[in-house]
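Q: Can you walk me through this one? I'd like to start with charged pairs and then move on to helices.

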Amino acid sequence: MKKIAVVILNWNGAKLLEQFLPSVVAFSDEATIYVADNASTDASIEVIQNQFPSVKIIQNTGNFGFAKGYNEALKFVEEEYYALVNSDIEVTENWLAPILNIFETQPETAIIQPKLLDFKKKTHFEYAGGAGGFIDKFGYPFCRGRIFDTVEEDKNQYDDEMEIFWATGACFFIRKEVYRKLNGFDDDFFAHQEEIDLCWRAFNLGYKTKYTSKSIVYHVGGATLNEGNPRKTFLNFRNSLLMLTKNLPKNQLFPILFMRLCLDGLAGIQFILKGKFKHFWAIIEAHFTFYHLVFQFYKKRNTTQKSNYYKINSIVYRYFIKNGKVFADLF
């Protein structure tokens with residue numbers, strides 16, 4: 001058995017599979033390739049069977065979203081390391097070897113992210129994960145290479161290997177034993193920020209998440225749910241609050257949640273000023289859904305919670321007030 005399983009979650013993505021599976025097949029000799037299909041109603045299964053016969057198919061019984069979709073599929077995958085790869089990712093030659101080397105030589109490292117560049121503008125980092133992710137004190141995520149809507153050009157400024165807080169779900173490597181120890185992603189997230197929650201839970205147990213620039217992939221981004229979709233706004237705001245509820249140390253939980261709710265209100269006002277009323281209502285809906293779920297998620301807390309925000313209290317303050325538009329400007 002090969003050590004790496006490349007698992008691509010798919011839902012009605014026949015065209016994406018035709019476009020992006022060829023690079024995965026061409027450059028993944030070290031891996032067994034799977035497509036985990038979330039009950040697609042298009043020609044996805046036929047495309048795989050006819051054009052990519054070496055790819056194994058796992059058929060989920062419904063469209064379970066990102067979190068449960070992977071959880072259900074990975075029950076059937078026994079390789080030592082999982083590479084969870086979006087269907088809109090183009091990989092490059094030798095993308096797996098640096099990952100395998102870290103796993104084999106650094107037993108404390110449980111999760112790894114490659115350099116994520118923009119498929120549509122390959123000189124720049126891609127929004128979903130850039131060169132590795134962090135959170136501020138209030139749970140707002142940001143990346144080296146991308147803070148809010150400001151995306152940096154790749155000038156080799158992040159050509160390194162370093163510990164990060166979260167790895168993007170667009171191309172997410174994890175040890176099978178750790179994934180199963182953590183019971184995988186949280187099904188209730190459906191999609192968005194479930195990878196940050198998983199990395200935080202791994203961190204709480206003493207595991208490390210790493211970024212390496214030696215592995216490079218290109219991501220389209222928004223192929224399933226684009227940035228302008230209010231559903232994405234709803235999921236991001238709701239899931240971020242639920243993640244804080246699960247993972248913040250107890251003495252920080254209520255003060256930070258209160259401040260976060262206030263900051264979300266400011267974000268809602270900003271949407272109103274921009275005429276994005278559907279996004280404003282998405283935040284309102286996210287908050288009311290959070291109130292409904294908060295006690296359920298409080299019960300999910302582990303025995304150990306650690307805080308791990310990156311050197312700054314508020315990325316919102318640094319970005320909007322202090323004009324810290326790129327990672328180097330934050331300090």
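**Charged pairs and helices**

A: Start with Asp159: this residue is partly exposed, because its relative accessible area is 39%. Keep in mind that the model is predicted.

Q: Which residue does Asp159 form a salt bridge with?
A: Its partner is Lys115, and the closest N and O atoms are 2.6 Å apart.

Q: Is Lys115 buried or exposed?
A: Lys115 is buried, at a relative accessible area of 3%. The cut-off for buried is under 20%.

Q: Where do the two sit in the chain?
A: Asp159 lies in the loop between strand 10 (150-151) and strand 11 (161-164). Lys115 is in strand 6 (residues 109-118). The pair is 44 residues apart and links distant parts of the chain.

Q: Which residues are joined into one network by salt bridges that share partners?
A: The network holds Asp186, Asp188, Asp197, Arg201, Lys246 and Lys300.

Q: How many salt bridges are there in the whole structure?
A: A search finds 16. One of them pairs Arg180 with Glu78, at 3.2 Å from N to O.

Q: Which parts of the chain does that pair link?
A: Arg180 belongs to helix 5 (residues 176-181). Glu78 is in the loop between helix 3 (65-73) and strand 4 (81-85). They are 102 residues apart.

Q: And how covered are they?
A: Both count as partly exposed: Arg180 has 35% relative accessibility, and Glu78 has 36%.

Q: What about Lys75 and Glu72?
A: Their side chains meet in a salt bridge too, 3.2 Å from N to O. Lys75 is exposed, because its relative accessibility is 52% and the cut-off is over 50%. Glu72 is partly exposed, at 23%.

Q: New topic: helix 8. How many residues does it have?
A: Helix 8 has 24 residues, running from 250 to 273. Its first and last C-alpha atoms are 36 Å apart, close to the expected 34 Å.

Q: Where is the kink in helix 8 centred?
A: On Ile256, with a bend of about 25 degrees. Ile256 is also one of the buried residues of helix 8. Others include Leu253, Leu257, Arg260 and Leu263.

Q: What do those buried residues pack against?
A: Helix 7 and helix 9.

Q: Why would buried residues recur at certain steps along a helix?
A: An α-helix has 3.6 residues a turn, so residues three or four places apart point the same way.

Q: What about the end of helix 8?
A: Leu273 is found in this helix and is exposed, at 72%. Together with Leu266 and Ile269, Leu273 makes a nonpolar surface patch of about 340 Å². Just after the helix, Gly275 takes a positive phi of about 75 degrees.

Q: Now helix 9. What span should it have?
A: Its 22 residues (277-298) should span 32 Å. The end C-alpha atoms are 31 Å apart, which agrees.

Q: Which residue is its kink centred on?
A: His292, with a kink of about 45 degrees.

Q: Which residues of helix 9 are buried?
A: Among them are His279, Phe280, Ile283, His287, Phe290 and Phe297. The buried residues of helix 9 pack against helix 7 (230-247) and helix 8.

Q: Last one: where is Gln19?
A: In helix 1 (residues 14-26). Gln19 is partly exposed, at 45%. Gln19 and Val85 are 66 residues apart in sequence, and their C-alpha atoms are 14 Å apart in space.

Key. Residues numbered from 1 in each chain as written. Predicted model: local features only at pLDDT ≥ 70, side-chain atom pairs only at ≥ 80, totals over all residues. Heavy atoms only, no water. Patch = residues over 30% accessible without salt bridge, like charges linked within 9 Å, V, L, I, M, F, W, Y side chains within 5 Å. Areas by Shrake-Rupley, 256 points an atom, 1.4 Å probe, with all protein chains shown as cover. Salt bridge = Lys/Arg side-chain N within 4 Å of Asp/Glu carboxyl O. Helix = DSSP H or I, 4+ residues; strand = E, 2+ residues; numbered from the N terminus. Buried < 20%, exposed > 50% of the residue type's maximum accessible area, 1.4 Å probe, protein only. Expected span 1.5 Å × (residues − 1). Bend = angle between axes of the 7 residues up to and from the residue. Contact = heavy atoms within 4.5 Å.
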